[in-house]
Amino acid sequence: MRMPALFLSHGAPPLVDDPTWVAQLQELAAGLPRPKAILVASAHWESAPLMLGATATVPLVYDFGGFAQRYYEVQYRAPGAPELAESVRKLMPDHQTVAQTDRGLDHGAYVPLTVMYPDADIPVLQMSLPTLEPDDLLDLGRRLAPLRDEGVLIIGSGFTTHGLPFLRDWRPEAAAPGWSREFDAWAAEALSRGAVDELADFRDRAPGMPYAHPTIEHFAPMFLTLGASEDPTQAPAQPIDGFWMGLAKRSFLVG
């Protein structure tokens with residue numbers, strides 16, 4: 001069975017303490033076929049040329065600060081995926097370098113996976129974002145799309161809004177600022193029309209900019225996911241919406 005591809009708003013480590021968000025991610029995972037392997041590109045790893053993470057079980061990357069000690073003690077010892085790494089290499093053009101590293105999963109990868117697949121029994125490979133340009137990421141997603149026929153779940157992990165410098169209320173239940181609500185509503189409507197070109201031009205078209213994304217790495221993974229779609233102009237399902245700490249946690253899956 002062909003796997004879908006996902007864009008997840010991945011959340012900070014305290015996501016696991018939010019019962020609503022946890023239930024939404026669990027329901028999303030329960031409705032998917034069981035993956036043979038997972039390929040994830042996170043907003044927290046930008047590196048060119050394309051980099052592939054560890055293909056063995058290694059320690060996680062706790063790439064955050066200021067949280068309670070228990071968040072630095074989380075483990076997610078998923079099996080490595082060396083066969084998937086080799087498949088990714090073969091799908092890249094001959095002139096493109098694909099590098100290998102022993103980097104572990106960062107929180108953009110493992111935080112949602114601890115909720116969706118808590119047994120950590122599915123092989124996981126993380127890859128870098130080699131660019132933040134939407135058109136290039138759409139092309140990369142198209143190259144990776146055949147992996148879906150091999151039972152690989154492709155995940156672009158970011159956040160639909162990520163204006164951390166402009167937040168004033170840091171409670172999980174905080175009301176969303178206007179720029180976050182406006183950008184999220186625009187993204188939801190554009191996705192519902194399959195308006196990929198409009199989404200790719202978000203820096204100039206979207207309301208709430210640049211506050212919603214003062215840097216764009218958390219919106220960029222969306223285009224990897226859309227590129228991996230059978231038809232990026234088809235409206236994706238949007239099973240998760242709402243806000244957390246005022247940020248839009250909208251997530252979607254493509255067929």
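This passage describes aromatic pairs, strand pairing, a buried serine, enclosed and open spaces, and backbone geometry in a predicted model.

Aromatic contacts were searched for across the whole structure, and 16 aromatic pairs were found. A pair of aromatic rings is described by the distance of the centres and the angle of the planes. One of the pairs is formed by W21 and F159, with 6.0 Å from centre to centre and 65° between the planes, an edge-to-face arrangement. W21 belongs to helix α1 (residues 19-30), whereas F159 is in the loop between β6 (152-158) and α5 (178-192); the pair therefore ties together parts that are 138 residues apart in sequence. Both partners are buried: the relative accessibility of W21 is 0%, and that of F159 is 3%.

A further pair consists of F67 and Y71. The ring centres of F67 and Y71 are 6.1 Å apart and the planes stand at 85°, so this pair is edge-to-face as well. The two residues differ in their exposure, since F67 is partly exposed at 30% relative accessibility, while Y71, with a relative accessible area of 9%, is buried. F67 and Y71 also belong to a cluster linked by ring pairs, in which Y62, F64, Y72 and Y110 are the other members.

Strand pairing was examined next. Strand β10 (residues 251-254) pairs with strand β1 (residues 5-9) in the antiparallel sense, and three bridges connect the two. Strand β10 is also joined to strand β7 (residues 237-240), again in an antiparallel manner, by two bridges. L253 of β10 takes part in both pairings: L253 is the bridge partner of L6 and also the bridge partner of A237.

In strand β6 lies S157, a residue that is buried at 1% relative accessibility. When residues up to four places away in sequence are left aside, S157 touches L8, H10, V40, A41, S42, A43, G108 and P221. Among these contacts, L8 falls within the residue range of β1 (5-9), and V40, A41, S42 and A43 fall within that of β2 (37-46). G108 falls within the range of α3 (107-116), and P221 within that of α8 (221-227).

Enclosed and open spaces were then considered. One cavity of 30 Å³ or more is present in the structure, and the largest cavity holds about 120 Å³ of space. It is lined by 15 residues, of which A54, A56, A78, L105 and V124 are the closest to its centre. By residue class, the lining of this largest cavity comprises nine nonpolar residues, five polar residues and one charged residue.

The largest pocket has a volume of about 300 Å³. Its lining is made up of 20 residues, and those closest to the centre of the pocket are A12, F67, L164, W244 and M245. The lining of the largest pocket divides into 12 nonpolar, seven polar and one charged residue. F67, named above as a member of the aromatic cluster, is thus also one of the residues closest to the centre of the largest pocket.

Backbone geometry was examined last. Most residues other than glycine have a negative phi, and most peptide bonds are trans. Two cis peptide bonds are described here, each leading into a proline. The bond from A48 to P49 is cis, with omega near 5°, and P49 is in the loop between β2 (37-46) and β3 (50-52). The bond from M209 to P210 is likewise cis, with omega near 5°; P210 is placed in the loop between α7 (202-205) and α8 (221-227).

A positive phi is found in A120 and M245, neither of which is a glycine. For A120 the value is about 50°. A120 lies in the loop between α3 (107-116) and β5 (124-129) and is buried, at 13% relative accessibility. For M245 phi is near 60°. The position of M245 is in the loop between β8 (243-244) and β9 (247-248), and at 12% relative accessibility M245 is also buried. M245 is among the residues closest to the centre of the largest pocket.

Terms used: Residues numbered from 1 in each chain as written. Predicted model: local features only at pLDDT ≥ 70, side-chain atom pairs only at ≥ 80, totals over all residues. Heavy atoms only, no water. Phe/Tyr/Trp six-rings, centres within 6.5 Å; stacked < 30°, edge-to-face > 60°. Helix = DSSP H or I, 4+ residues; strand = E, 2+ residues; numbered from the N terminus. Buried < 20%, exposed > 50% of the residue type's maximum accessible area, 1.4 Å probe, protein only. Pairing = 2+ DSSP bridges. Contact = heavy atoms within 4.5 Å. 1 Å grid on protein atoms, 1.4 Å probe; cavity = no way out; pocket = protein on both sides within 12 Å on 5 of 7 lines; lining within 4 Å. Points joined across faces, edges and corners; volume = space filled by probe spheres on them. Nonpolar A, V, L, I, M, F, W, Y, C, P; charged D, E, K, R; others polar.
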